[in-house]
Amino acid sequence: MPKETLRKRRSLTAVQKKEICLKKISIPSLKQKDLAKEYDVSERMVSDILKEKDRWLAIDNNSYQANLKREKKIQFPIIEEALTIWIDKALQAGLILTESILTTKALDFALLYNEEKFKASHGWLDNFKKRHNLKQYNIHGEAGSAPIQDLDSMREKLHQTLRDYDPKDIFNCDETGLFWKMKPIRTISNGPVAGIKQSKDRVTILFTCNSTGTEKLRPLFIHKYENPRVLKNITKNSLPVNYYWNKKSWMQVSIWNDYLKKLDSHMRVQNRNILLLVDNAPTHALYENTTLTNIVIEYLPPNTTSHLQPCDQGIINSFKVRSKLYLFTVIVSNLIMLIFFILGTI
């Protein structure tokens with residue numbers, strides 16, 4: 001066969017194959033030999049592409065496969081198909097997925113289908129994510145789940161509840177995590193600055209204040225240790241905070257109920273009846289034996305705290321912004337005093 005009649009074998013990307021199918025659909029009279037000439041391929045290749053037009057038309061132009069010229073053979077197709085279906089169902093249900101969850105689920109399917117050679121390696125997971133256009137995204141706030149269409153009616157219902165109380169007797173409380181050893185992520189420099197691993201040491205602080213801003217109650221402070229070294233020989237009751245502790249420095253139902261009992265007792269001494277607005281977090285549940293005589297708790301509707309909760313409307317943010325103005329690395333005792341000082345200036 002003469003050399004000039006030989007055609008160099010050329011590969012097309014999935015996007016180009018999709019283009020061929022679209023052109024043939026839009027112009028049915030377009031001949032295959034014309035498409036072959038345009039894309040510099042053989043007529044046989046064009047014919048094979050058009051036979052699988054449904055496959056190529058389904059290609060997402062932004063996907064990983066779109067720019068591949070040769071589709072790599074999937075080593076464990078049955079596992080991949082099962083995992084893909086499961087991911088679609090999980091995303092429709094609004095579940096949060098992580099790499100460890102995908103790996104665990106893939107291993108479950110491998111066990112189910114007796115695929116003993118499947119190891120769910122990091123390489124396999126990376127390629128699986130690329131093939132199915134899966135990426136990690138940050139979850140921002142609660143806006144996606146907030147019932148925006150019902151907010152006006154919820155606000156009106158809340159206003160009706162508030163009318164029965166004097167503004168000074170309407171309180172709101174909310175907790176926040178403070179990573180007190182975490183350094184700023186921005187700096188001024190005359191050149192690139194290498195970063196270091198950030199400390200994950202944290203405390204949880206619960207703020208309680210009334211709607212007029214005239215009363216900022218003693219914060220609830222949750223630390224990791226019962227007796228940190230810097231608080232040795234210091235009576236916890238002498239601190240300007242209600243001091244609690246647990247291994248993770250998180251709010252717990254037991255801590256919440258103890259705090260409410262103390263607050264209720266404080267209001268009973270003053271002969272006051274208050275309304276306390278709180279979010280419906282699971283840790284804000286009441287024990288059956290917790291009886292409150294001077295506090296009425298109003299739970300805000302689910303996923304609406306960013307819209308309805310006063311502490312989320314700048315109060316906690318003000319505290320954190322002011323905290324950044326001071327040294328970001330302080331010992332616990334100084335941190336507690338710093339909190340007390342900042343609250344007095346907000």
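## A nonpolar patch at the surface

With a relative accessibility of 36%, Ile78 counts as partly exposed in this structure, which is a predicted model. Ile78 belongs to helix 5, the run of residues 77–92. Together with Leu112 and Tyr113, Ile78 makes up a nonpolar patch on the surface, and the accessible area of these residues together comes to about 280 Å².

## Aromatic rings

Six aromatic pairs are found when the whole structure is searched. In one of them, Phe118 and Trp124, the ring centres are 4.9 Å apart and the planes stand at 90 degrees, so this pair is edge-to-face; planes over 60 degrees apart are given that name. Phe118 is buried, its relative accessible area being 5%, and Trp124 is likewise buried, with a relative accessible area of 13%. Phe118 and Trp124 also belong to one aromatic cluster, in which Phe76 and Phe128 are the other members.

Two further rings are described by the charged side chains that lie over them. Lys105 is placed over the face of Phe109, at 5.8 Å from the centre of the ring. In the case of Trp250, the charged end of Lys248 sits over the ring, and the distance to the ring centre is 5.5 Å.

## Strand 5 and its neighbours

Strand 5, which spans residues 274–278, is mostly covered, since five of its five residues are buried. The side chains leave the strand in two directions: Ile274, Leu276 and Val278 point one way, while Leu275 and Leu277 point the other way, and all of these residues are buried.

Strand 5 is paired with two other strands. With strand 1, made of residues 170–178, strand 5 pairs in the parallel sense over three bridges. With strand 6, made of residues 295–299, strand 5 also runs parallel, and here five bridges join the two. Leu277 can serve as a point of reference for both pairings, because Asn172 stands opposite Leu277, and Leu277 in turn stands opposite Glu298 in strand 6.

## A proline in a loop

Pro219 is found in the loop that lies between strand 2 (203–210) and strand 3 (220–223). Although placed in a loop, Pro219 is buried, with a relative accessible area of 2%. Measuring from C-alpha to C-alpha in the model, Pro219 and Thr208 are 6.8 Å apart in space, while eleven residues apart in sequence.

## Salt bridges

The count of salt bridges comes to eight. One of them joins the side chains of Lys129 and Glu99, with a distance of 2.5 Å from N to O. This pair links distant parts of the chain, as Lys129 lies in helix 7 (residues 122–131) and Glu99 in helix 6 (residues 99–112), 30 residues apart. Lys129 is buried at a relative accessible area of 15%, whereas Glu99 is partly exposed at 31%.

Another salt bridge is formed where the side chains of Asp264 and Arg268 meet, at 2.7 Å from N to O. Asp264 and Arg268 are four residues apart in helix 9 (residues 253–269), so about one helical turn separates them. Asp264 counts as buried, with 2% relative accessibility, while Arg268 counts as partly exposed, with 42%. The side chains of Glu156 and Arg163 also meet in a salt bridge, with an N to O distance of 4.0 Å. In this pair Glu156 is partly exposed, at a relative accessible area of 38%, and Arg163 is exposed, at 59%. Finally, Lys168, Asp169, Glu215 and Arg272 are linked to one another in a network of salt bridges.

Note on methods
Residues numbered from 1 in each chain as written. Predicted model: local features only at pLDDT ≥ 70, side-chain atom pairs only at ≥ 80, totals over all residues. Heavy atoms only, no water. Phe/Tyr/Trp six-rings, centres within 6.5 Å; stacked < 30°, edge-to-face > 60°. Buried < 20%, exposed > 50% of the residue type's maximum accessible area, 1.4 Å probe, protein only. Lys NZ or Arg CZ within 6 Å of the ring centre and 35° of its normal. Pairing = 2+ DSSP bridges. Patch = residues over 30% accessible without salt bridge, like charges linked within 9 Å, V, L, I, M, F, W, Y side chains within 5 Å. Areas by Shrake-Rupley, 256 points an atom, 1.4 Å probe, with all protein chains shown as cover.
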